[in-house]
Amino acid sequence: MSSSQYDVIVAGVGAMGSAACWHLAKRGLRVLGLERFDLGHAMGSSHGLTRIIRLAYFEGSHYVPIVKRAHQLWRETGDAAGLKLLHVTGSLDLAPEGLGPVESSLKSCIDHGLEHEVLDRDEISRRFPAFQLPEGHIGLWQADGGFVASEKAIYAHVGLAQSKGAEIRTGEPMLDWQPTADGGVTVKTERGTYSAGQLVITSGGWIEDAVPALKQRVRTVRQAIGWFTTRKPELFRQGVFPVFILSVEEGNFYGFPLYEHPGFKLGGPHFGREPMDPRDPDRTPSPNQLRLIRECLARYIPDAAGDPLTVKGCIYTVSPDEGFIIDAVPGVPQAVFASACSGHGFKFASAIGEILADLATEGRSAFDLSAFSLSRFDA
Ligand SMILES: Cc1cc2nc3c(=O)[nH]c(=O)nc-3n(C[C@H](O)[C@H](O)[C@H](O)COP(=O)(O)OP(=O)(O)OC[C@H]3O[C@@H](n4cnc5c(N)ncnc54)[C@H](O)[C@@H]3O)c2cc1C
């Protein structure tokens, strides 16, 4: 058994943890990143090539300052790593007029001065002929939206962190951690016990193992994504087709322009959540989720309703109000965590990594994190 001293240990090197490793190592700190599986694995929440980044945010205007910072950081991090992480395609929220999502996204644009356009159904069909929307649907177009290359983003953050001396150990889960009398932490794995001044916990779907205060507060659910044969790939290419979120009676679905795969990628239904235990190794999407995805394609995006080429399951870690939880472990200020991003966190990861580094090193963030506190769930 070895015993080593680090400034910060990061438990979980996925979307959030890899970004935290980079922002901590960049500050000259001795960083150890521990990862249960390998980098870019398909057992967590961050695989499948792409994640949407939207600045028009129907989930709430308070997310916009952080997503703006994330947008800037994705570009900077990609440049620093020599990888194209951010693809700006424009984003489209599509929903029945008056239902809420388009109006909420519109509010976030107005509150934060984001350029936008509200489009009626005819204009949506004219600009994006791949959609066959029901009567009464409208759209909110925001030109800065797009997608982040998700596994590449993790590789970029880890590569940059290693270039500043971070140690990243894969296949080595954190088994236990304890605060120490001198205000630090010890972390136990199968290979050793490590000590550090600070602990950053970013273990995604497994977070309640490390943060017992999250038990009963977060739940893990199975989600589905698939890539489908398209009849007219020219309609779905980058440059002509945006990322989108589509609210229809079957649920909320989201899709992407073609990217590094011959099929058209559609995910959802976003709220069709089926409980799953991350310890269950089976990540196969349920037949019901796949049926709903295929029905959505057949009805609303028929030129992409061909055979499935690839399907994957993935974990959402969901909080009671569907908002993030970014906080210190109760009573242990030297241990901070980010969790329960409820199926919409990836786009923020570059900024949440920076926020976690700020919390770990300075005990505060420049952003107002009150909406993300754990104590908001106290009765
Ligand atoms: C299908 C799907 C589609 C999505 N689409 C979008 C989207 O379009 N836009 C968007 O913004 N968000 C989206 N999300 C949500 C987003 O991907 C997640 O919020 C984000 O990936 C969560 O990142 P994370 O770092 O918390 O989790 P992960 O990336 O899963 O990382 C957690 C890591 O911790 C590791 N780990 C677990 N336990 C331990 C331990 N004890 N010790 C060490 N390591 C451990 C895991 O192996 C894992 O690598 C989507 C999610 C899914 C599943």
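Which element gives the largest share of the shell around the ligand? Keep this question in mind as you go through the close-up views of this predicted model.

**View 1. The shell around the ligand is built from several elements of the chain.** The answer to the opening question is strand E18, which supplies three residues. There are 31 residues around the ligand, and Glu35, His41, Ser46, Cys314 and Lys347 come nearest. Sorted by class, the shell has 15 nonpolar residues, 12 polar ones and four charged ones.

**View 2. Oxygen atoms of the ligand meet polar atoms of the protein.** Start with serine 46, where a polar side-chain atom lies 2.5 Å from an oxygen atom of the ligand. Next, look at arginine 51: a polar atom of its side chain is 2.9 Å from a ligand oxygen. Histidine 344 takes part through its backbone, with a polar atom 3.2 Å from an oxygen atom of the ligand. How much of the ligand's area does the protein bury? Taken alone, the ligand exposes 1,000 Å², and the protein buries 95% of that. Helix H1 (15-26), strand E2 (31-35), strand E3 (50-53) and strand E18 (308-318) are the elements that each give two or more residues to the shell.

**View 3. The ligand lies between two domains.** The domain assignment splits the protein chain into domain 1 (2-46 + 151-211 + 322-377) and domain 2 (91-143 + 219-318). Why is the ligand said to lie between them? Because both domain 1 and domain 2 give residues to the shell around the ligand.

**View 4. Domain 1 and domain 2 are in contact with each other.** Taken over C-alpha atoms, the centres of the two domains are 30 Å apart. Here 16 residues of domain 1 are in contact with 17 residues of domain 2. The size of an interface is often given as the accessible area lost when the parts come together. Between domain 1 and domain 2, about 1,200 Å² is buried, and carbon and sulfur atoms give 50% of this area. On the domain 1 side, Met43, Gly205 and Glu322 lose the most area to domain 2, together 33% of what that side buries.

**View 5. Two loops hold backbone details worth a look.** In the loop between strand E16 (264-267) and strand E17 (274-275) you will find proline 269. The peptide bond from glycine 268 to proline 269 is cis, with omega near -10 degrees. Now move to glutamine 216, in the loop between helix H6 (207-210) and strand E13 (219-228). Glutamine 216 has a positive phi of about 70 degrees, although it is not a glycine.

Conventions
Residues numbered from 1 in each chain as written. Predicted model: local features only at pLDDT ≥ 70, side-chain atom pairs only at ≥ 80, totals over all residues. Heavy atoms only, no water. Near = heavy atom within 4 Å. Polar contact = N/O pair within 3.5 Å; in protein donor to acceptor, adjacent residues only side chain to side chain. Areas by Shrake-Rupley, 256 points an atom, 1.4 Å probe, with all protein chains shown as cover. Helix = DSSP H or I, 4+ residues; strand = E, 2+ residues; numbered from the N terminus. Nonpolar A, V, L, I, M, F, W, Y, C, P; charged D, E, K, R; others polar. Domains from an automatic or database assignment. Contact = heavy atoms within 4.5 Å. Buried area = accessible area lost by both parts, 1.4 Å probe.
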